[in-house]
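This report describes the fold and selected local features of one protein chain. The sequence and the structure are shown first.

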Amino acid sequence: MSRHPRAASLLLRLRNSSYSPRPIRRTLTTPSRNFSATTAPGSPSPSSSNSSSADTTYTSVSPDEVSHFNALASSWWDPQGPSRILHLMNPLRHDFIRSCRSSVPDDPPPPSTGLKYLDIGCGGGIFAESAARLPTTASVTAIDPSPEVLSVAKAHAKRDPALRSKLNYINTSIEQLPVPSTPEQGYDVVSIFEVIEHVSNPAQFLDRCTPFVKPGGWLVLSTIARTWMSWLTTNVVAEDLLRIVPRGTHDWRKYINEEELRSHFLHKRTGWAEPRCMGVIYVPGLGWKEVNGSEKIGNYFFGVRRIAESV
């Protein structure tokens with residue numbers, strides 16, 4: 001054992017710790033990663049990018065997930081607390097959005113100022129606040145179904161009077177948010193960061209989100225690939241051994257592979273193009289780093305553009 005001190009240390013930690021292989025956490029609803037589902041009741045049809053109707057009785061919100069994040073509300077803005085890796089990831093969120101918006105040469109080019117954001121599942125507001133502070137931003141609408149978490153977001157935003165006219169928090173799910181009356185009234189950027197792996201049906205959830213993207217705008221999200229490596233790193237190492245993420249945060253069965261998202265938007269829905277992906281890896285002591293190809297094994301960003309309607 002002395003020839004491999006790191007391996008020996010890990011084995012001793014496993015033997016002496018209270019860790020035991022845990023069953024994958026059960027939720028109140030049946031998780032599904034099957035993107036072959038057609039649509040949710042009242043959601044836009046697969047061939048449509050917009051709809052003014054919605055069945056408000058349907059919800060993608062899992063009570064278990066809301067309860068879990070309610071427990072983390074008070075520590076959301078602690079950069080050394082349970083949400084530390086989200087604080088460290090935030091700069092890469094902005095980098096990815098900029099790369100998406102600059103990747104397609106439009107004629108005329110899209111506006112670089114006066115941008116409207118919709119942040120779905122905003123949590124305590126880490127991304128929403130930072131987006132509202134950008135000089136290129138006109139407004140940020142940030143929604144979350146948890147009143148406890150949103151109260152933390154609102155209280156933190158009050159510390160900066162400059163945010164008052166640009167940042168609007170709403171305690172709602174995406175199903176309850178009114179769809180824009182016309183596509184042009186949609187948002188330049190709809191962000192869904194670290195959310196889709198916590199909803200019960202990703203296809204139906206995305207169908208509720210997409211009508212809010214204006215033609216030429218981007219839907220951007222971040223999630224985790226469903227691989228054995230991601231189970232080892234996020235469930236076993238991050239949650240159970242190192243405890244850098246609160247235990248119970250992740251359900252490996254709800255992880256989504258990049259090719260599933262690509263197929264959903266390009267093959268099973270119409271009106272979307274220019275998919276982009278960026279794999280990232282968390283390096284202890286250094287933070288999040290972009291690593292080409294890592295989207296196949298762990299965390300990644302995914303973006304897709306709503307095709308502008310021809311005049």
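The sections below treat the sheet, the helices, the cysteines, the aromatic residues and the backbone in turn.

## The sheet

The model is predicted. Its strands include eight that form an open sheet, in the order β3-β2-β1-β4-β5-β8-β6-β7, and the pairing within this sheet is mixed. At the edges lie β3 (167-171) and β7 (287-290), each of which pairs on one side only. Averaged over the sheet and with direction ignored, neighbouring strands are turned by 20° against each other.

The mixed pairing can be followed through individual strand pairs. Strand β6 (residues 272-283) and β7 run antiparallel and are joined by four bridges. In this pair, I281 stands opposite K289 of β7. Parallel pairing is found on both partners of β1, described next.

## Strand β1 and its neighbours

Strand β1 spans residues 115-120 and is mostly covered, with five of its six residues buried. Six bridges connect β1 with β2 (residues 137-144), and the two strands run parallel. Within this pairing, K116 faces S139, a residue of β2. Between β1 and β2 the chain passes through helix α4 (residues 126-132), and the resulting β-α-β crossover is right-handed.

Strand β1 also pairs with β4 (residues 187-193), again in parallel, through three bridges. Here L118 stands opposite V190 of β4.

## Helices on the sheet and the loop after β2

Helix α5 (residues 147-157) packs on the sheet and touches β2 and β3. The direction of α5 makes about 160° with that of β3. Helix α8 (residues 258-266) lies across β5 (213-224), β6 and β8 (299-306), and runs at about 10° to β8.

The loop between β2 and α5 contains P145. This proline has a relative accessibility of 32% and therefore counts as partly exposed. P145 and C122 are separated by 23 residues in sequence, while their C-alpha atoms are 9.2 Å apart in space.

## Cysteines

How many disulfides does the structure hold? The number is zero. For C100, the nearest cysteine sulfur is that of C277, at 9.7 Å. A disulfide requires the two sulfur atoms to be within 2.5 Å, and C100 is accordingly in no disulfide.

C100 counts as buried because its relative accessibility is 1%. C209 is buried as well, with a relative accessible area of 0%.

## Aromatic pairs and cluster

The structure holds seven aromatic pairs. One of them is formed by F265 and W272, whose ring centres are 5.5 Å apart; their planes stand at 65°, so this pair is edge-to-face. F265 is buried at 1% relative accessibility, and W272 is buried with a relative accessible area of 7%.

Why is the pair of Y282 and W288 classed as tilted? The planes of these two rings are at 55°, and edge-to-face is reserved for planes over 60 degrees apart, while stacked needs them under 30. The ring centres of Y282 and W288 are 5.5 Å apart. W288 counts as buried at 10% relative accessibility. A single aromatic cluster is formed by F96, Y117, F127, F193 and F301.

## Residues with positive phi

E194 is not a glycine, although its phi is positive, at about 55°. E194 lies in the loop between β4 and α6 (202-209). Is this residue buried or exposed? With a relative accessible area of 15%, E194 is buried, since the limit for that class is under 20%.

E274 is a residue other than glycine with a positive phi, near 55°. Its place is in strand β6. E274 has a relative accessible area of 39% and is therefore partly exposed. Thus E194 belongs to a loop, whereas E274 belongs to a strand.

Note on methods:
Residues are numbered from 1 along each chain as its sequence is written. This is a predicted model: local features need pLDDT of at least 70, side-chain atom pairs count only at pLDDT 80 or more; totals for chains, interfaces and linings use all residues. Side-chain values use heavy atoms; hydrogens and water are left out. Buried means under 20% relative accessible area, exposed over 50%, partly exposed in between (1.4 Å probe, protein chains only). Two strands pair if DSSP finds at least two bridges between them. A crossover is right-handed if, with the strands pointing away from the viewer, the path from the first strand over the helix to the second runs clockwise. Axes are lines fitted to C-alpha atoms, for helices over the stretch in contact, and angles run from 0 to 180 degrees between N-to-C directions. Contact means heavy atoms within 4.5 Å. Rings of Phe, Tyr and Trp (its six-membered ring) pair if their centres lie within 6.5 Å; planes under 30 degrees apart count as stacked, over 60 as edge-to-face and the rest as tilted.
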